[in-house]
Amino acid sequence: MEDKRNIQIIEWEHLDKKKFYVFGVAMTMMIRVSVYPFTLIRTRLQVQKGKSLYHGTFDAFIKILRADGITGLYRGFLVNTFTLISGQCYVTTYELTRKFVADYSQSNTVKSLVAGGSASLVAQSITVPIDVVSQHLMMQRKGEKMGRFQVRGNLEGQGIVAFGQTKDIIKQILRADGLRGFYRGYVASLLTYIPNSAVWWPFYHFYAEQLSYLCPKECPHIVFQAISGPLAAATASILTNPMDVIRTRVQVEGKNSIILTFRQLMAEEGPWGLMKGLSARIISATPSTIVIVVGYESLKKLSLRPELVDSRHW
């Protein structure tokens with residue numbers, strides 16, 4: 001009899017691809033809506049000098065809400081939705097790479113590490129220009145200027161004004177940096193997200209496997225996976241947050257050198273400066289990762305080819 005503690009991994013060849021992509025886009029959009037405010041807060045915390053504006057995640061949340069209302073927490077969101085494309089490229093690359101690596105190694109850790117890193121490389125090549133624009137939009141606030149660029153007119157961020165702000169930011173980036181400006185921080189992004197993705201997947205499967213041995217056999221696999229996702233996200237966030245802080249500063253402040261940005265940060269704020277925004281990152285990652293993991297694993301189960309639905313204990 002099959003041991004229910006053995007968590008079966010649904011691979012690329014098991015999926016009905018049409019269902020996989022349709023359900024995947026809907027799931028990704030819902031996740032982005034729920035976690036975007038904390039992405040915005042994390043970005044502002046990482047860019048500010050010391051605690052000049054906000055004293056932490058909760059303080060930033062309250063101040064932004066009071067100053068700009070709920071729309072203030074969603075500045076740049078419309079532009080950020082274009083990352084749905086990179087999201088689908090990410091999962092496709094991840095699954096296809098796992099399938100390719102399986103021809104050379106059956107180790108799940110090896111498959112997860114190589115596939116996670118490769119998927120992030122592809123996704124970041126698409127995401128960085130979108131991130132650059134959306135991050136500058138995140139920096140728009142009433143009162144003191146936070147980023148390099150300031151949009152003209154009001155900052156209500158509603159209707160066509162939001163698109164007007166996007167157009168204004170794009171023009172300013174082009175005037176200041178040319179097309180290269182849209183890939184500012186690309187290397188820093190790769191150094192942040194490739195390790196983050198490469199670390200997350202092996203830890204996710206590791207934690208799920210360990211939990212499966214600690215819990216009763218009758219416990220549904222989705223429970224292990226829902227707990228393992230945030231644990232893996234917290235682990236990856238702690239390991240990669242220093243590079244994430246540097247990446248954000250390079251992109252928003254227009255710096256050209258990762259090393260000089262690192263030295264300046266260390267000189268101004270010391271080692272703790274490398275941990276800025278970590279709590280916001282973990283707070284945003286925890287619920288989002290639970291939703292992502294439960295959604296992604298459920299998505300793969302819903303997308304199983306009909307003949308495989310009842311064949312194993314997924």
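The following paragraphs describe the salt bridges, an annotated segment and a surface patch of a predicted model. Because the model is predicted, local features are restricted to pLDDT of at least 70 and side-chain atom pairs to pLDDT 80 or more, whereas totals for chains, interfaces and linings use all residues. Residues are numbered from 1 along each chain as its sequence is written, and side-chain values use heavy atoms, with hydrogens and water left out.

A search of the whole structure yields 12 salt bridges, a salt bridge being a side-chain nitrogen of Lys or Arg within 4 Å of a carboxyl oxygen of Asp or Glu. One of these links D68 to R75, with 3.6 Å between the closest N and O atoms, and both D68 and R75 are buried (buried means under 20% relative accessible area, exposed over 50%, and partly exposed in between, with a 1.4 Å probe and protein chains only).

In helix 8, which spans residues 221-253 (helices are DSSP runs of H or I with at least four residues, strands are runs of E with at least two, and both are numbered from the N terminus), D244 pairs with R247 in a salt bridge whose closest N and O atoms are 2.7 Å apart. The two residues, D244 and R247, are 3 residues apart in this helix and are therefore separated by about one helical turn. D244 is buried at a relative accessible area of 0%, and R247 likewise counts as buried at 1%.

A further salt bridge joins the side chains of R249 and E268, at 4.0 Å from N to O. Because R249 lies in helix 8 and E268 in helix 9 (residues 258-269), this pair ties together parts that are 19 residues apart in sequence. R249 is buried, with a relative accessible area of 2%, whereas E268, at 43%, counts as partly exposed. Salt bridges with shared partners also connect R42, D244, R247 and R281 into one network.

An unreviewed UniProt entry places the feature "transmembrane region" at residues 20-41; UniProt positions are given in the numbering used here, feature names are shortened, and annotations may be inferred rather than shown by experiment. Across residues 20-41 the chain is 100% helix and 0% strand, and the C-alpha atoms at the two ends lie 32 Å apart.

On the surface, V22, F23 and L302 form a nonpolar patch with about 290 Å² of accessible area together. Patches consist of residues with over 30% relative accessible area and no salt bridge, like charges being joined within 9 Å and nonpolar side chains (Val, Leu, Ile, Met, Phe, Trp, Tyr) within 5 Å, while accessible areas come from the Shrake-Rupley method with a 1.4 Å probe, and for residues only the protein chains shown count as cover. L302 belongs to helix 10 (residues 278-302) and is exposed, with a relative accessible area of 52%.
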